[in-house]
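Colleague: Could you take me through the charged side-chain contacts in this one, and then the ring pairs? I'm still new to reading structures, so please go slowly.

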Amino acid sequence: MSVKSFPLTRAQLEELAKTYPTPFYVYDEAAIRRNAQAIKKAFSVFPGYKEHFAVKALPNPYILKILESEGFGADCSSLPELLLADMSGMKTEAIMLTSNETPAKEYIKARELGAIINLDDFTHIEYVEKSLAGGLPELVSCRYNPGPLKEGNAIIGKPEEAKYGFTREQLFDGYKLLKQKGVKRFGLHTMVASNELSLDYHLETGRLLFELAVEIKNKTGIGIEFVNLGGGLGIPYKPEQEAVSWDSLASGLKKLYDEIVAPSGLKLEIHTEYGRPVTGPYGWLVARAIHSKHIYREYIALDASMADLMRPALYGAYHHITIPGKENAPLTETYDVVGSLCENNDKFAVQRKLPKICTSENTGDFVVIHDAGAHGRAMGFNYNGKLRCGELLLRSDGTIKQIRRAETVEDYFATIDLNGVKEF
Ligand SMILES: *Cc1c(COP(=O)(O)O)cnc(C)c1O
């Protein structure tokens, strides 16, 4: 079981909505810090452990600054994400560029920041060498795609069908070539799952990388300096699901490390690129129920839409919903909870048992959508002329800080020369 709580009362939301009209995201700073500290504590069995938070999960520099102050770095996959990490105070090797099909300007920016460059393909060895003024950096990491050696999972698919990474053979050749070209320090990375809740799956990924690092040392003499286990650790979106415990994960990995790596004499640092389990459970999308509709089904319509949170529409993902003030009310109704996009999959919940919900533009019930702190606002879009909502931070001292305002119509038109349109 996972507990689905929300840190604000209905009365507090009413007050908040006077300044910040719904919909908006809320993140809980104290909870994010507690979780970050739990991760660090669990992984302290590995000297030099580093979590590079996957910026794509929650690309807000205020959040990144909080994580930086807890000792986390960043995993970036684009130029703006590198800039976000930089403005959040993350320095040099705290930043990792794990991108794919990467344009030269991203490698150049990563190099300028002193970030770790993680290559996605064998051909990128020469590409990076040519793209960077000083040639290849001293430290290079390679992304491994284990192909049929590793089972897939629903969101990311089977590794052998995934576009990412080097094959096993390419990896051995790749490290040898990198060494020939003067590279001195090496990392090994993989990312094979998404939202995977099985502890064993993640331990097996650890085993795969540990064995590979030892094999690389034995066959090529190259000593890998760190393995990055990637992200893909799931969170319990459904109340009946259970989170993977940080302690079980870290101690399970340590056991494998002692068994496989320690006897080889190799000294491997452990790095991770978790996004979802770092902030996911500590962010909520808050909307108001503005309409109800009674046709073949009962509908509750929100002032938010899939433009604010796409996961239910995109993956059919479950997000728990609660109604502040009605936490203990009986679940007497069966609703489809929907947004206003002209797409029938714009549904936050389908045939969901909920308490009776009151709807009205200004006084309707608040509808809280849980576990929206990762891959939530970040996946927002403007299709159908929808304006993306803002983000609020519940500070550790109980105050609220707006960390991103809601988009306006002016933002929507900002990339078009409107005077040009008049003259056209
Ligand atoms: C998306 C991604 C992550 C983070 O995944 P989560 O599921 O949010 O933990 C980490 N590394 C890479 C390469 C990714 O693409």
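Modeller: Let's start with the salt bridges: the count comes to 26 in this predicted model. Take Lys40 and Glu70, whose closest N and O atoms are 3.8 Å apart. That still makes a salt bridge, because the cut-off is within 4 Å. Lys40 belongs to helix 2 (residues 29-43), while Glu70 sits in the loop between helix 3 (61-69) and strand 3 (73-76), so to find both partners you look 30 residues apart along the chain. Their surroundings are worth checking too: Lys40 has a relative accessible area of 33%, so it counts as partly exposed. Glu70 has 7%, and because buried means under 20%, Glu70 is buried.

Now hop to Glu129 and Lys181, another salt bridge, with 2.9 Å between the closest N and O atoms. Glu129 is part of helix 6 (residues 124-131) and Lys181 is in the loop between helix 7 (168-180) and strand 7 (185-190), so this pair ties together parts 52 residues apart in sequence. Glu129 is partly exposed at 28% relative accessibility, and Lys181 is partly exposed at 31%.

Strand 7 also brings us to Arg185, whose side chain meets that of Glu225 in a salt bridge at 2.7 Å, N to O. Glu225 lies in the loop between helix 8 (199-220) and strand 8 (226-228), so here the parts tied together are 40 residues apart in sequence. Glu225 is partly exposed, with a relative accessible area of 24%, and Arg185 is partly exposed with 21%. Salt bridges can share partners as well: that is how Arg10, Glu14, Arg288, Lys326 and Asp365 are joined into one network.

On to the rings, where the count is 10 aromatic pairs. Tyr25 and Tyr27 make a stacked pair, 6.1 Å centre to centre with 20 degrees between the planes. Both of these tyrosines, Tyr25 and Tyr27, are buried. Phe46 and Tyr257 have ring centres 5.7 Å apart and planes at 70 degrees, so they're edge-to-face. Phe46 is in the loop between helix 2 and strand 2 (50-54), and Tyr257 is in helix 9 (residues 246-260), so this pair ties together parts 211 residues apart in sequence. Phe46 and Tyr257 are buried too. Follow the ring pairs and you'll get a cluster of Phe43, Phe46, Tyr49, Phe210 and Tyr257.

Note on methods: Residues are numbered from 1 along each chain as its sequence is written. This is a predicted model: local features need pLDDT of at least 70, side-chain atom pairs count only at pLDDT 80 or more; totals for chains, interfaces and linings use all residues. Side-chain values use heavy atoms; hydrogens and water are left out. Helices (H or I, at least four residues) and strands (E, at least two) are DSSP runs, numbered from the N terminus. Buried means under 20% relative accessible area, exposed over 50%, partly exposed in between (1.4 Å probe, protein chains only). Rings of Phe, Tyr and Trp (its six-membered ring) pair if their centres lie within 6.5 Å; planes under 30 degrees apart count as stacked, over 60 as edge-to-face and the rest as tilted.
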